[in-house]
Amino acid sequence: MVLLELYWSFLLIGFSSFGGLSMIPQISDQVISHGWMNASQVTDIVAIAEMTPGPLGLNCATFAGMQAAGIPGAVAANPGTLTPALTLCALTAAFFTRFRESKIMQRILLGVRPACLGMVLVVIVSLTRSTYLRQGTPHFAAIGIGLLDLILVVKYKVSIPIVILLSAGLGILLFGMIGLPISG
């Protein structure tokens, strides 16, 4: 039953989101409401999915499926994520020339873009809260790592993989070896 629920949940996510970061609130809602993961675990899988090669939604489906039901869960969640994209791509390809010049389609896209931006902003706020606040209190070590990352990427143009590795190292150093409390 869990395998069917995983497939169905990720099928709904795939059909009701636009891929990438816009999937995260829906993935979070589904896996938390089914009891497969908690909010902290969702934050972790999003971070891991971002670092892992491949589409974010597919990576999240794999990790959430593994958490919920092991390898069979990952195998069940992945087709759920892929089915909507494959279906929509096939339909779009069949009618591409007709849609390309359609004024209606251009107007739809004008409405979809702000909706996607809104969903991305919700994800940013949600991940910021769970990453930089612990029980309503600012987590200064995590904020420091985030600010360092921002400076390295924006000002010094350091590559993202290097920044990720540096952040992971700082996290291990600060929270693993030194033992700074994660909760405050």
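**Exercise 1.** In this predicted model, find which residues of helix α2 are buried, and then work out which elements help to cover them.

*Solution.* Begin with the helix itself: going along α2, the buried residues are Ile24, Gln26, Ile27, Ser28, Gln30 and Val31. Next, look at what lies over these positions, where the cover of the buried residues of α2 includes α1, α3, α4 and α6 (103-132). Finally, follow the chain just past the end of α2, where Gly35 takes a positive phi of about 80°.

**Exercise 2.** Take Val31 and determine which residues it is in contact with, leaving aside its neighbours within four places in sequence; then place Val31 in the largest nonpolar core.

*Solution.* With those neighbours set aside, Val31 is in contact with Phe10, Trp36, Met37, Val42 and Ala64. The largest nonpolar core has 20 residues, and those that touch the most other members are Leu6, Phe10, Ile27, Val31, Met37, Cys60 and Ala64. The elements that give two or more residues to this core are α1 (2-16), α2 (24-33), α3 (39-51) and α4 (56-94), and α4 gives the most, with six residues.

**Exercise 3.** Identify the residues that form a nonpolar patch on the surface together with Leu91, and explain why Leu91 counts as partly exposed.

*Solution.* The patch is formed by Phe15, Leu88, Leu91, Phe95 and Phe99, which together have about 460 Å² of accessible area. Leu91 lies in helix α4. Its relative accessible area is 45%, and because partly exposed covers values between the buried limit of under 20% and the exposed limit of over 50%, Leu91 is partly exposed.

Note on methods. Residues are numbered from 1 along each chain as its sequence is written. This is a predicted model: local features need pLDDT of at least 70, side-chain atom pairs count only at pLDDT 80 or more; totals for chains, interfaces and linings use all residues. Side-chain values use heavy atoms; hydrogens and water are left out. A nonpolar core is a set of buried Ala, Val, Leu, Ile, Met, Phe, Trp, Tyr and Cys residues joined through side-chain atoms within 4.5 Å. Buried means under 20% relative accessible area, exposed over 50%, partly exposed in between (1.4 Å probe, protein chains only). Helices (H or I, at least four residues) and strands (E, at least two) are DSSP runs, numbered from the N terminus. Contact means heavy atoms within 4.5 Å. Patches are made of residues with over 30% relative accessible area and no salt bridge: like charges are joined within 9 Å, nonpolar side chains (Val, Leu, Ile, Met, Phe, Trp, Tyr) within 5 Å. Accessible areas come from the Shrake-Rupley method with a 1.4 Å probe; for residues, only the protein chains shown count as cover. A salt bridge is a side-chain nitrogen of Lys or Arg within 4 Å of a carboxyl oxygen of Asp or Glu.
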